[in-house]
Every structure is written in structure tokens, then in C-alpha cells.
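User: I am new to this structure and would like a close look at a single part of it. Please take me through that part slowly, and then show how it connects with what lies around it.

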Amino acid sequence: MNAHIPAASALTSLGFADWMGQVQAGMEGVLDRFLPPTSVVPARLHEAMRYTAMDGGKRVRPLLVYAAGEIFDTPRALLDRAAAAVEMIHVYSLVHDDMPCMDDDALRRGKPTVHVKYDEATALLVGDALQAQAFATLSAPLEAELAAAAVDAGLPARQLRMVSLLAQASGSVGMCGGQAIDLASVGMTLSLSELEQMHRLKTGALLRAAVLLGALGGKALSAEESAALDDYARAIGLAFQVVDDILDATADSATLGKTAGKDAADNKPTYVSILGLAESQALAEKLRGNAQQALAGFGDKARRLRELADLIVQRKT
């Protein structure tokens, strides 16, 4: 296991695939550090948390955290904690989403879902514990982890803003709210604007949070920089869901690592069901263009964010 992610200076010269691979591999070590060990009671719960959080997934949200952090010189110790926290929130949402009371799915990231591997009660507790662990990780004092030169008086205030941002993105006006709308919309016909609202909350809010978490830990953002990042994050957040809908309709389960065709089988409204496949693909490309345009003012510093926008739209899984 790669125990750490190399310093930003060591990653700068890498091509995108190598950069992404280094961050993805390093996230295993980051999560290993911040998740409770199985040697601690209750061992079975901690084992199940690690089963679902580690060794799998594209790590898109941590990648966004590190990419945004490079622009604003966010301390690596804070980036590690922010990346782990946002990934824990994402994984907890997947665990609960897969449960019989929600989507009732048996496959996630190419392996049995938590309620199948363990049981429903454990799956519920895994999600609850991962959510709590995320905020414990992000809110911990950092002085001992930072070099003296990197500690400044404004760091606690920035950290508090990050905790508040993640809480809002995760709650009833963010990811959980979007899931509630999704569950209430099964079998219904939604307008395009209603579908967009649902997915800006369910998927987009946490992707937006990942971008802003990476940025907020560094130097102060101007109003223009904050607006540009927000425009970028909103575009990729919606594009991610559009592409998810496309893949659910066109890819197989082995490729996706989860059950394909489930949206149609469950009679859920999607971009493909409303717009059709060709228009959905065109929308994803338009959103990619919007994301790239939003980053124009950052120059080459935003190279990784641009590459991630391409990845989100052009991915096959």
C-alpha cells in the first residue's frame, strides 16, 4: 500500500494519468490513517467501514480536493483530511443508497454491497459511523501535523468554514435532500428543471464541496475566484450525473461495477429518459465546455481541474 501522496511539487511534472494514479493509490494510505483500525472495539463495525471505504472507487472527490488545493497552496495535512472526509461522506451515502429501503442493490465497486456482505443493521451503522468519522477527521486540530511555518492564525477559522460547507453539502439542502427527492420521484414524470434540481443536490452538492474544500484551506479566495470555482463545480456536478445516466443505459454491470439498467428497471426519471441518449450526450459536452470556460482566469494552475472535467465527461465507468 502506498502510505502517502507525494508532495505537490513531485506531482507537477506528471501526466494526468500518472498524477491521478498517484493520488488514487495514496488515498488508500490516507484513509487507512483516518479510519478506525479493526483492532479497536467494535471490530466488526470497523472492518465493515474499511471494507466499503478502501480498495475501490474512482476517488473523484478526493482528486478534486487535491486539484483545487494546488491552486491555492492549501497545506497537505489539511488536504489529506478534507479528501478523506469528503470520501467518507460519499461512501456512507453509497452504503445507505444500496440498502433495501432505498435502491436495494447487491453490487457496488465490483463487490457485494455492505448489507449483503454483512447485514442491514451493520450497513446502517457503517453509514452513520462514516459520517461521524468524516467530521471528526476534518475538524481535528492540525498544529502537530504542520511545520511551524505553515501554521497561521487564520487556519482554525478556515477549517471551521470547511466543516460547515461539508455539513451543508451532506444534509437536507444537499445530498440527503436530493436523495429524498429521488425516492419521491420514482414513477413520476419530472420536468428537466426538476430533474436538474434533484441532481444538483444529490450528486452536485458533494462534488462542489470537494472543489471548495480544496480551495478554502489555502489563501483567501477573491469574490471572482470563488464565483469561478462555483461555476466550475456546478458544471461538473451536473455533468457527472448526466454521464451516470448515460452509462446506466449503455454500459454493462461488469464495466460499471454496479447493477446496470437499474434506473430504467426502477422507473426512475433520468436525463436519458427525458432527453434521449443523443441529447444527453450533447448536454454532457456542453457542461464540460462550461467547466473549462469557468477556469480561464486561473491559467495553468487549474490544469488538473480541467483534466478532471474531461475525465468526468469522457469516463466509461
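Analyst: A residue is called buried when its relative accessible area is under 20%, exposed when that area is over 50%, and partly exposed in between. With those words in hand, we can turn to helix 2, keeping in mind throughout that this is a predicted model.

Helix 2 runs over residues 16-34, and its 19 residues should span 27 Å at 1.5 Å a residue, which agrees with the 26 Å that separates its end C-alpha atoms. Among the buried residues of this helix are F16, W19, M20 and V23, and further along the list come G26, M27, E28, G29, V30, L31 and F34. These buried residues pack against several other helices, namely helix 1 (8-11), helix 3 (43-53), helix 4 (60-72), helix 5 (76-97), helix 7 (120-139) and helix 16 (303-314).

Two charged residues of the helix deserve a closer look. The side chain of R33 meets that of D80 in a salt bridge, with N and O 3.1 Å apart. Because R33 lies in helix 2 and D80 in helix 5, this pair ties together parts that are 47 residues apart in sequence. R33 counts as partly exposed, since its relative accessibility is 45%, whereas D80, at 10%, counts as buried. The other charged residue is E28, one of the buried residues of helix 2, and E28 is linked with R59, E87 and R109 in a network of salt bridges.

To set the helix in its wider context, a search of the whole structure finds 18 salt bridges. One of them joins the side chains of K268 and D182, at 3.2 Å from N to O. K268 lies in the loop between helix 13 (262-265) and helix 14 (271-275), and D182 in helix 9 (residues 175-184), so this pair ties together parts that are 86 residues apart in sequence. K268 is buried, with a relative accessible area of 9%, and D182 likewise counts as buried, at 3% relative accessibility.

Another salt bridge is formed by R208 with D230, whose closest N and O atoms are 2.3 Å apart. Since R208 belongs to helix 10 (residues 192-216) and D230 to helix 11 (residues 223-250), the pair ties together parts that are 22 residues apart in sequence. With a relative accessible area of 30%, R208 is partly exposed, a value that falls between the cut-offs of 20% and 50% given at the start.

Technical notes. Residues numbered from 1 in each chain as written. Predicted model: local features only at pLDDT ≥ 70, side-chain atom pairs only at ≥ 80, totals over all residues. Heavy atoms only, no water. Helix = DSSP H or I, 4+ residues; strand = E, 2+ residues; numbered from the N terminus. Expected span 1.5 Å × (residues − 1). Buried < 20%, exposed > 50% of the residue type's maximum accessible area, 1.4 Å probe, protein only. Contact = heavy atoms within 4.5 Å. Salt bridge = Lys/Arg side-chain N within 4 Å of Asp/Glu carboxyl O.
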